[in-house]
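Visitor: I'd like a close look at the disulfides in this protein, please. Could you walk me through them, and then through the packing of the interior?

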Amino acid sequence: ASFTISLHKADNTTVMIKLRPGVSSSCHIRIKSVIRSELSIKPGENVTFTFTCSTPEKYFIMKIQKNIDCVSGPCPFGDVHLYPLRLPRLNRTYIWDVKASTKAGLELKFSAPWLRQIEPGETCPDFISYNINSCIDKATVNIGTFCRNGSVSRVKLLGGVVMSLHLPWDSPLTTSGFNIANRASIKRLCIIESSLKGESSITLMSPNYPLGFPEDELMTWQFVVPSSMRASVFFHNYSLSNCERKEERVEYYIPGSLSNPEVFKLSDSQPANIAGSFNMSLQGCDQDAQNPGILRLLFQVIVQHPQVDENVTHLVDLSKERNMTVTIHLEGWPSLIPPMSEPMCLICKDPRTCDRVLTLASGAVYRISFLCKDLSRLRITAEKGISCVDFWRCQRKIYSLSVPKAIMQLPIQLHRFVWKLLAPDLINIEITSPALKLQQRVQEQKCNMSYSYSIVSATPETELNVGVFCPGGSIEKIQMRNNITISLRTFGKGFINESNLQDLKMSFVPHIKDECTFTVSPKPKAKVYLQSPSWHYGLPPYVSISWYIVVPSKQIARLGFSKDRMGIACETGRAYVNIKEDTLGAEETVRREDELLPAPRNMYHNFWVNVSNCKPVDRTQLTLQFWVTFADKQIDLGIILGMVAGAGVLVAIGLTVCCVKKKKKKAQNPMVGVYNANVNTQMPGKKGLFAKERQSNESHVYAVIDDAVVYGHLLKEYNGSIAPEVDVYRPFDGPVGSLPPSPPPFSFRKDIKFCSDTEEEPPPLMDTDHDNYTFAHQKSGQLEDSGDNEKDKGDTSMPLLESKEQDGLVE
């Protein structure tokens, strides 16, 4: 097909057709018999041409430029038309270059559906875009790039203007969509009018964004808002230049305000909840010539209906709180931010200071309100710091780790409350839950409460994730050596009712031995699962963790591990699991990382479980999980039979004594007094009453009190040749230690055996310095004894104090 373009000389219009950048010249323009790669048609010319291909839109673009002089001649007010007609279907750009005096600015008025400003590099959905440039003398300022369907209805510019319209080759648009409305001096760079109807959100940018607002310039945005609506301004991206004189600022003219214009810094929270129309101006400054910097601004204006409860204020009294901040925000903040086109939930700390995020500091009282249709979208995140510098001042204080009532009274769901507990060296932190106790969340036991605690201990080298805990368990106390962060997280709306049950406490305690120590006090017949910290990443190298399990009276605990081995290989050092009952002389069970963990076993007393890590090889990690169950103690049948046998022995002795007495009465021999100098005639009493102190002799040292020895003088007539010895027996009642078993050193002697089942030699006999009872008995070898007496000795023997050496290990 052939095309004819005829330009009138008076229209001052030029048409240029040329190849698209980066496209090969496989298609050409033919004028008669001449082949060209581009074509330029000037005013007054008439040209007929054809293309050598059927799809010229793939290869060529077109630029149509019209020059308008509003300085020396009359300005053509009214609609601007697309001229000339019947152009080839190519991607084309219309350019209107309008010359105007700086004393008489130009006003461009856009027809509905108006314009929407976009960021540089962004494309319009229909690929139709407008670009507005202001020309002052020889300087050109890019006012912005716009798409159709927006709120920008008019633009007033100082001096001339270069207006561009970009149309794709298949666009059906036949009108320019704007007109030159007026000439008027505005004494500023430009005025952009934005008309907003109904609930909406718009984004606007300063001229030359993001390159920088011109030096010492002033521009204004006029927002036309229905009086029944409320508008709020939010700055999302801005930067400041380096000013030599004046100061960069934003000024608002709000009808009805008592202080027009209201002046704000760009860093301030901007006005919100504005009723009706208002103006906003951006003022630059004189910049430093050597380092001017960049002044730029991207902001958002949100228009909403007045909220029903916008005049309802909520009192938040944080005057008695210390080191605490409360942040009210949308759900998902800060990682999830809703689109700027979506009406927002706004939080206001006064009628005109509102934002999507509001942070309240402790030590003050706030009255806040909400501009939000759905408060369920809002959340509360709070943080409180507790520290100790002087232990002597902190040691007796107990801090309550509960959510303040001032927060719980707000009609917003609490998302997270964080306590940051700081302690200097040699001061540790103890967490207790006296009433509810804590349950460690593991796969085998889920949390059923509406909230849980995540506890993290920060060491200088690494972070120890202690675990996730919820109320209603068996853990009474957790002691940790380093600074701690406790995060309370809520699930659903049930926390409002359950928040009154919080009983988590914190105190500062002296230095402890392990990185972390748990005190577990289960309920009778309970089954408790416990696992080592940092479960998903493994216990850090060289870290030692202990659990102290309290076994209820009349109960037996059964301890078992969830796997057979620790599952690691050590590069440096050794990893150990230690188990020891908290009773005198208890054996300590030790397992190394290359050994099988102990099989399930019964524990009759409170006991310790300790795990100490080495430096693992490669990526192997130490994770330990064990369980403890409880059952009532069963009376042993052997004990019952032993008690019956013992009672029978006593009855037999009693009958023997009676028979002896009867024989003495029948003899009726006269009583003869015999003096025996070897008999101690001193009455039993205090230690000081003995002529010779007991530690000076060994007459009282024994391991067994034999029934035959104690009562032997009743079985045989006394003949005066035996000098009875006097002794005292008192069972050991010394203190029992509460420290966890010490982990074994990383190197051992070769003769050490682990968990030996062989019996040890009897421990050495110990003496006692003060006793309450004395017994007279005959020396061994002088009493006629039966074979049963040796058996009795074996049954009744008990060491007074057992040796600390167990299984070849020395504590």
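Guide: Happy to; we'll take three of the bridges in turn and then turn to the nonpolar cores.

Please keep in mind that this is a predicted model. Counting cysteine sulfur atoms within 2.5 Å of each other as a bond, the model has nine disulfides.

Let's begin with Cys 243 and Cys 285, whose sulfur atoms sit 2.0 Å apart. The torsion about their S-S bond is about -85°, so this disulfide is left-handed. Cys 243 belongs to strand β21 (residues 243-245), while Cys 285 is in the loop between β25 (278-283) and β26 (286-287). That puts the two cysteines 42 residues apart, and the bond links distant parts of the chain. Their surroundings can be compared through relative accessible area, where under 20% is buried and over 50% is exposed. Cys 243 has 33%, so it counts as partly exposed. Cys 285 has 1%, so it is buried.

Next come Cys 345 and Cys 372, a disulfide with 1.7 Å between the sulfur atoms. Here both partners are in loops: Cys 345 between β29 (324-330) and β30 (346-350), and Cys 372 between β33 (365-371) and β34 (378-387). They are 27 residues apart, and this pair too links distant parts of the chain. Both Cys 345 and Cys 372 are buried.

The third bridge joins Cys 447 to Cys 470, at an S to S distance of 2.1 Å. Cys 447 lies in the loop between β38 (438-440) and β39 (451-458) and Cys 470 in strand β40 (residues 463-471), so the bond ties together parts that are 23 residues apart in sequence. With -85° about the S-S bond, this link is left-handed. Cys 447 is partly exposed because its relative accessible area is 22%, whereas Cys 470 is buried at 1%.

Now to the interior. In soluble globular proteins, nonpolar side chains tend to be buried together. The largest nonpolar core in this model has 85 residues, and those with the most contacts inside it are Leu 421, Ile 431, Ile 478, Ile 486, Phe 508, Phe 518 and Trp 547. Ile 486 makes a good place to zoom in. Leaving aside neighbours within four places in sequence, Ile 486 is in contact with residues including Leu 401, Phe 417, Trp 419, Leu 421, Ile 431, Tyr 453 and Leu 504. Another core, of 80 residues, lies apart from the largest one; among its members are Val 98, Leu 157, Leu 167 and Leu 297.

Technical notes:
Residues are numbered from 1 along each chain as its sequence is written. This is a predicted model: local features need pLDDT of at least 70, side-chain atom pairs count only at pLDDT 80 or more; totals for chains, interfaces and linings use all residues. Side-chain values use heavy atoms; hydrogens and water are left out. Helices (H or I, at least four residues) and strands (E, at least two) are DSSP runs, numbered from the N terminus. Buried means under 20% relative accessible area, exposed over 50%, partly exposed in between (1.4 Å probe, protein chains only). A nonpolar core is a set of buried Ala, Val, Leu, Ile, Met, Phe, Trp, Tyr and Cys residues joined through side-chain atoms within 4.5 Å. Contact means heavy atoms within 4.5 Å.
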